Amino acid sequence: MSAPILQVNDLRVTFDVPVRGGWPWTPPRKLQAVGGISFDLQPGEVLGVVGESGSGKSTLARAIVGTVPSTGRVLFDGQDLTRLSPEARRARRRDIQMIFQDPLAALNPRLTVGDIIAEPLTTHFPKTPRAEVRARVQALMERVGLLPNLVNRYPHEFSGGQCQRIGIARALILNPKLLICDEPVSALDVSVQAQVVNLLRELRREMGIAMIFIAHDLSVVRHISDRIMVMYLGRLMERAPAPAVVGTPRHPYTQFLIASVPIPDPVLEKARPRPVLEGDLPSPLSPPSGCVFRTRCPKARERCAVEPPPPYDVGPGHVATCHYWDEPTPMVQAAE
Amino acid sequence: MAFHDPTAEALQRPAHPDKGRSLWTDARRRFARNRAAMVALVALVLIALFAFFGQLLTEFDGETVDFTLIGVNATQGVPSLETGHYFGTDQEGRDLYARTVQGTRLSLMIGIVGSLVAVVVGTLYGAVSGYLGGRVDGAMMRIVDVLMSIPFMFVLILMLVMFGRSLLMLFIGIGLISWLSMARIARGQTLSIKNKEFVEAAVATGVRPLTIILRHVVPNLAGVVIVYATLLIPEMIIYESFISFLGLGVQEPNTSLGALISRGASQIGNGVPWQLGFPLFFFVVMLFAFFFVGDGLRDAIDPKDR
Ligand SMILES: Nc1ncnc2c1ncn2[C@@H]1O[C@H](COP(=O)(O)OP(=O)(O)O)[C@@H](O)[C@H]1O
Ligand code: SF4
Ligand SMILES: [Mg+2]
C-alpha cells in the first residue's frame, strides 16, 4: 500500500449553541457535530460516507476542507493542515476541492459560468493569460457535458443537474488530488442523479482523484465507493470495503440502512421485509451515554449505556463500533 | 428551468459564445413594465437636463441684479415669455428661471454626492463588518450606533456655524452621516450572504477575504444598495433644503431649491407667488420622482421582497 493521501485522526468539531433566552454571559451549550472520526484515504480511492441527515457528514467535510474549526489532525500528503499558517493553508487548498449539495446555491448568481469555473485557477495562478483561462474553462465544460458556448451565461439559466456540472468543472480545473462531494445528487431529479454519478465515476477513472463521497443513503454510495464509512450522531458506526458493508454489515445501524435501500424490481420491493428504525435521531446537544445508537438499537443492553463501544475489528479492513456485533439483530417490521 | 439535452442544443446554437441573461437584464425588463416608475424616470431625466443645460435657454444669469426691477417685481417681474424672464424675477430683480436652474442643480448634486458617499463608504464598511463578524463586527457596529445616536442635524448646524457656511462644509456634513444607515443595511445583508454555499466554496478554494468581499458579497448587495441609494437622494435633498431654509445652507449668490423656497415663502405677502411656486414645483416633482424610481427599482430587483 502506498502512503495515504489523507489521514484523519480523532477529528472533532464542536459548535457553540447560544442558550435561548439566556443572558449574554450564559455559557453557550456545546454541540458536538463530529465526535472523534479517524480514517485514511489512499490516492485515487473513493470513500463513501453514509448517515441520516444531521449525523455530521457535512461538518466532517467542512472540517477536512477547513471551513469550520476543528481539533484533531488532518494530514494531507503527510502535512498537518490544521497546523499550517493561513497563507500556507490557502496555497494547499488547490489540492482539495469540494462539490456541494445545493448546486444552485453553490454558484454566485452575479458571476458568469465562465468566471465561476475559472475562479480556482485565477485565484492560485493569477498570471494565467485570459485566453488560456478561457480555453481551459471551455475544454472542461465540454468534458463535464456542458456546451462551451454557454460560458457567458448565468447560473439561474441552468437546470439543477447542469449547475452541478458547473460545480464539478470548478472543482476539477486545478486537477485536485482530493475531491469531497457533499451529497452531490441529493437535490437532483432521480433521472439526473444517475447522469451526475456516472460523470463522477468517469472523471475518477480518468483523473485518478481520491474522493470522499457523502450521501444520506446507501443506494448511491454503494456504486461509486471502494470503502464505506457509516456515521451516526457524529460517530463512526462501521467502516469496511463496500462489498462487506453491503453484504455482511455488522453494526445494527448499517443493517437498517441496508434493509431500507429499495429494490428496483417493484414486485420484489413489495414482497420484501421492511424493517423500521424506531424513534428519532437524539439531539446532538445531549447525546445518549455509552453507545450513541442505543436509544434506537433493538440489541441494546445495560452495558451499552455505560461503555462506549470501541471500533472492533470484525473482518479484513472491517471495523464496527458495537459490543454485540457478532449477534444477530432482531428487525422490527413495519406495520402493513 | 428544464433539463436541456446537450446534443440537441449544440445543433441549434451558433458556435460563438452567446450572451447570458444576467439578473440585471431581468430587473431592467421588470422595471420597464412599471408605468409609474418609468414616468418618474422620464421626469427625473427632464429635471436633470433642466438642471444642467437649462441655462442655455436663457440670456439671463442668476447673479445679475436688474436695478430697474427692484421693488416693482410684483408688477414688472411677472413670468412672461416676452421679457425672457420665463419664471419671473425675484425681489433683487434676478431672473428666477436661471436661479431655479442653479438651485435644482445644487440640490441634485447634494443628493447625489450624499448618496454616492453612502454607497461607497457604507457598503464597504457594512460588508467588511458583516463578513469579518465577531469582535471586529461588534466594534465597527458600535461606532455606527454611536454616530447615529448623535442628532445629526444639530451637529451639521454647529459645524456650519463653527467652520463657516461653505458649500464644502455642507457636502462634508451630508457625506459624513449619509453612510451610517447604509452600513447597517449592507451589514445585515452580508450576514445572510456569507452563509451561502457559494461563499463557502470560495473560502474552500482559497480566495482571500478581501476578494470574497469584493467579488462575492458586494455584487450580491448591489440590489439593496441601489434601491436604498435612490431613496437616499431625496432624503439628502430634504436635509439640505431644511438647512438652507433655516438660512444656514448655501450662501448667496449660490442657491439651492431649499434656499429659493425659503425666500419665496418670505415674499409670499408681496404678490409674487411665482417666487415660491416654481422652486416648489421642481422640489416636489423631483422628490416624488426619486421615490417612485426607488420603489420601482425595489420591485424590479427583488420581486419576491414584497
Ligand atoms: N454552524 C453550525 N452551528 C451550530 N450547529 C451546527 C452548525 N452546522 C451544523 N450544525 C449541527 O451539527 C449537526 C450535524 O450537521 P451536518 O454536518 O450538517 O449533518 P449532515 O450533513 O449529516 O446532515 C446538526 O445537528 C446540525 O444542527
Ligand atoms: S453497542 Fe449496544 S446499543 Fe450500540 S449498537 Fe451495539 S448493541 Fe446497539
Ligand atoms: Mg449535509
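Where does ligand 2 sit? Ligand 2 sits in the largest cavity. A cavity here is a set of points, on a 1 Å grid over the protein atoms alone, where a 1.4 Å probe fits but cannot get out. A molecule sits in a cavity if more than half of its atoms lie within 2 Å of the grid points.

This is a predicted model, in which local features need pLDDT of at least 70 and side-chain atom pairs count only at pLDDT 80 or more, while totals for chains, interfaces and linings use all residues. Residues are numbered from 1 along each chain as its sequence is written, chains are lettered from A and ligands numbered from 1 in the order in which they are written, and side-chain values use heavy atoms, without hydrogens and water.

**Ligand 2**

The ligand is surrounded by 13 residues, and the closest are C291(A), R294(A), C297(A), C304(A) and C322(A). A residue is near a molecule if one of its heavy atoms lies within 4 Å of it. Nine residues of this shell are nonpolar, two are polar and two are charged. In this classification Ala, Val, Leu, Ile, Met, Phe, Trp, Tyr, Cys and Pro are nonpolar, Asp, Glu, Lys and Arg are charged, and the others, Gly among them, are polar.

**Interface between chains A and B**

The size of an interface is often given as the accessible area lost when the parts come together. Between chain A and chain B about 3,500 Å² is buried, and carbon and sulfur atoms give 54% of that area. On the chain A side, R110(A), N149(A) and H156(A) lose the most area to chain B, together 20% of what that side buries. Buried area is the accessible area (1.4 Å probe) that two parts lose on being put together, summed over both. Chain A brings 42 residues to the contact and chain B brings 36 residues, contact meaning heavy atoms within 4.5 Å.

N220(B) belongs to helix α10 (residues 209-245) of chain B. Not counting residues up to four places away in sequence, N220(B) touches N108(A), P109(A) and R110(A) from chain A, and I193(B) and F198(B) from chain B. N220(B) counts as buried because its relative accessibility is 14%. Buried means under 20% relative accessible area, exposed over 50%, and partly exposed in between (1.4 Å probe, protein chains only). N220(B) and R208(B) are 12 residues apart along the chain, and their C-alpha atoms are separated by 17 Å.

**Chain B**

Chain B has 12 helices and zero strands. Helices (H or I, at least four residues) and strands (E, at least two) are DSSP runs, numbered from the N terminus. Of the 306 residues in chain B, 46% are buried. Among the contacts in chain B with a separation of 6 or more, 74% join residues 24 or more positions apart.

Helix α9 (residues 197-205) of chain B is mostly covered, with eight of its nine residues buried. Among the buried residues are F198(B), V199(B) and A201(B). Just after α9(B), G206(B) has a positive phi of about 100 degrees.

**Chain A**

The helix α9 (residues 252-259) of chain A is also mostly covered, with seven of its eight residues buried. These include Y253(A), F256(A) and L257(A). The buried residues of α9(A) pack against β3 (46-50), α7 (218-224), β9 (227-232), β10 (235-241) and α8 (242-247) of chain A.

Most residues other than glycine have a negative phi, and most peptide bonds are trans. The phi of D10(A) is near 50 degrees, a positive value in a residue other than glycine. E183(A) is not a glycine either, and has a positive phi of about 45 degrees.

The table gives the place and accessibility of four residues of chain A.

| Residue | Place in chain A | Relative accessibility |
|---|---|---|
| D10(A) | strand β1 | 33%, partly exposed |
| P28(A) | loop between β1 (6-17) and β2 (29-41) | 34%, partly exposed |
| E183(A) | loop between β7 (178-182) and α6 (190-207) | 6%, buried |
| H318(A) | strand β12 (residues 318-320) | 4%, buried |

Leaving aside neighbours within four places in sequence, P28(A) is in contact with D16(A), V17(A), P18(A) and V19(A). P28(A) and T112(A) are 84 residues apart in sequence and 41 Å apart in space, C-alpha to C-alpha. With the same neighbours left aside, the contacts of H318(A) include E238(A), R239(A), R250(A), Y312(A) and D313(A).

Note on methods:
On a 1 Å grid over the protein atoms alone, a cavity is a set of points where a 1.4 Å probe fits but cannot get out, and a pocket is an open set with protein on both sides within 12 Å along at least five of seven lines; lining residues have an atom within 4 Å of a point.
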